Amino acid sequence: MREKIDIFGKECWEYFKGNEVNEIIERKDGFIHISPGPKLYFSDYKNWSKREKKAMKFVKGRVIDIGCGVGRHSVYLQSRGFEIMGADNSPLAIKICKLRGLRKARVMDMEDISKLRLNSFDTVILLGNNFGLLESFDRAKNLLKQLHKITPSNGIIITESFNHYDMRGGFHTKYRKMNIGIGRMPGQWRIRIRFDKFIGPWYDYLIVSKNEMNDILKDTGWKVQKFIDSDSSSYIAIIKKIYTFENKNQKDILKNFAKGYKSMNKIKKAENPNSKK
Ligand SMILES: C[S@@+](CC[C@H](N)C(=O)[O-])C[C@H]1O[C@@H](n2cnc3c(N)ncnc32)[C@H](O)[C@@H]1O
């Protein structure tokens, strides 16, 4: 059974109160990473990476920021006039979002996106490595199909991951192999967050290379429009919708209509060569 501790919220709350917080990411094989943690989650636009700043230019229409944390992107986009909803499964993070002035902020698990109205958001944000929230190959495909339903035909996803193959230490290779051996994706990390004396629950976080992301997107109705690279392993993907079966039919109808129109004009020209049209 999953423990109930809101570790992410707790560490952000401590930082919000002015205390120093060191976030530690612990992987199941014992690998430990000290992350920038709340210092990054509370950072202002001017201190963001170049790739994030570039990505903001793709945001359009009504926006949902899933795994919004303390509202880094949401609060900024709201200040730029976007209609945005921040969603996170951490009640304390959502409380902080509200205290920081985010008008629409909701405690919601990624899993519950299927409960949102059809076509209700034009842009889905999954930043701060939040492609990871898709957890595994199968779950990612399923959640991407759900995201397809809540967005219109020109909807986009803006998401971030990093090329885990750049992590070359022997234990990283061993971890990837172990994952493959038990039918998981090579970058499907089992991790937990620790800070001070607190330890959060284990959960799966999916790290993917660009090729792996492309593979996952197959048959979900989504396709990468553009990768925004950086000088590290991190990258952002702008993902657009490709036609669904309904609008593929519409596309075929239009194509046939255009074909018919062209041949009709050819016949007319042959019958009346002196006509200007
Ligand atoms: C790495 S932080 C990124 C926060 C924010 N996007 C940013 O870039 O500053 C991941 C966020 O995802 C949230 N989260 C983790 N699992 C989630 C889930 N299953 N559903 C919704 N949010 C989740 C965490 O509470 C945390 O706020």
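This is a short selection-by-selection tour of the model, which is a predicted one.

**Whole chain.** Start by colouring two ranges: domain 1 covers 7-244 and domain 2 covers 246-277. Put a distance label between their C-alpha centres and you'll read 47 Å.

**The sheet.** Next, show the strands. Seven of them make an open sheet with mixed pairing, ordered S5-S4-S3-S6-S7-S12-S11. At the edges sit S5 (105-107) and S11 (222-228), each with a pairing partner on one side only. Going from one strand to the next, the twist averages 25°.

Now zoom in on S3 (residues 62-66) and S6 (residues 123-126). These two run parallel and are joined by three bridges. For one to click on, pick Ile-64, whose bridge partner in S6 is Val-124.

**Helices on the sheet.** Keep the strands visible and add H4 (residues 72-79). H4 packs on the sheet and touches S3, S4 (83-88) and S6. Its direction makes about 170° with that of S4. Then bring in H8 (residues 210-217), lying across S7 (156-162), S11 and S12 (234-241). Relative to S11, H8 runs at about 160°.

**The H1 and H5 pair.** Select residues 7-16 for H1 and residues 91-99 for H5. Their axes are 7 Å apart, and the helices pack at an angle of about 35°. Which residues of H1 meet H5? Show side chains for Phe-8, Gly-9, Lys-10, Cys-12, Trp-13 and Phe-16. Across from them, on H5, are Pro-91, Leu-92, Ala-93 and Ile-96. By class, the residues of this contact split into eight nonpolar, one polar and one charged.

Stay on H5 a little longer. Its buried residues include Leu-92, Ala-93, Ile-94, Ile-96 and Cys-97. What do the buried residues of H5 pack against? Turn on H1, H4, S4 and S5 together, and you have the partners. To finish with this helix, click Gly-101, which follows H5 and has a positive phi, near 100°.

**The ligand.** Last stop: select the ligand and expand the selection to its surroundings. How many residues surround the ligand? There are 17, and the closest are Gly-67, Gly-69, Ser-90, Met-110 and Gly-128. Colour that shell by class and you'll get seven nonpolar, seven polar and three charged residues.

Definitions and conventions. Residues are numbered from 1 along each chain as its sequence is written. This is a predicted model: local features need pLDDT of at least 70, side-chain atom pairs count only at pLDDT 80 or more; totals for chains, interfaces and linings use all residues. Axes are lines fitted to C-alpha atoms, for helices over the stretch in contact, and angles run from 0 to 180 degrees between N-to-C directions. Helices (H or I, at least four residues) and strands (E, at least two) are DSSP runs, numbered from the N terminus. Two residues are in contact if their C-beta atoms, placed from the backbone, lie within 7 Å. Ala, Val, Leu, Ile, Met, Phe, Trp, Tyr, Cys and Pro count as nonpolar, Asp, Glu, Lys and Arg as charged, and the others, Gly among them, as polar. Domain bounds come from an automatic or database domain assignment. A residue is near a molecule or strand if its C-beta atom, placed from the backbone, lies within 6 Å of it. Two strands pair if DSSP finds at least two bridges between them. A residue is buried if 20 or more other C-beta atoms lie within 10 Å of its own, exposed if 12 or fewer, and partly exposed in between; C-beta atoms are placed from the backbone.
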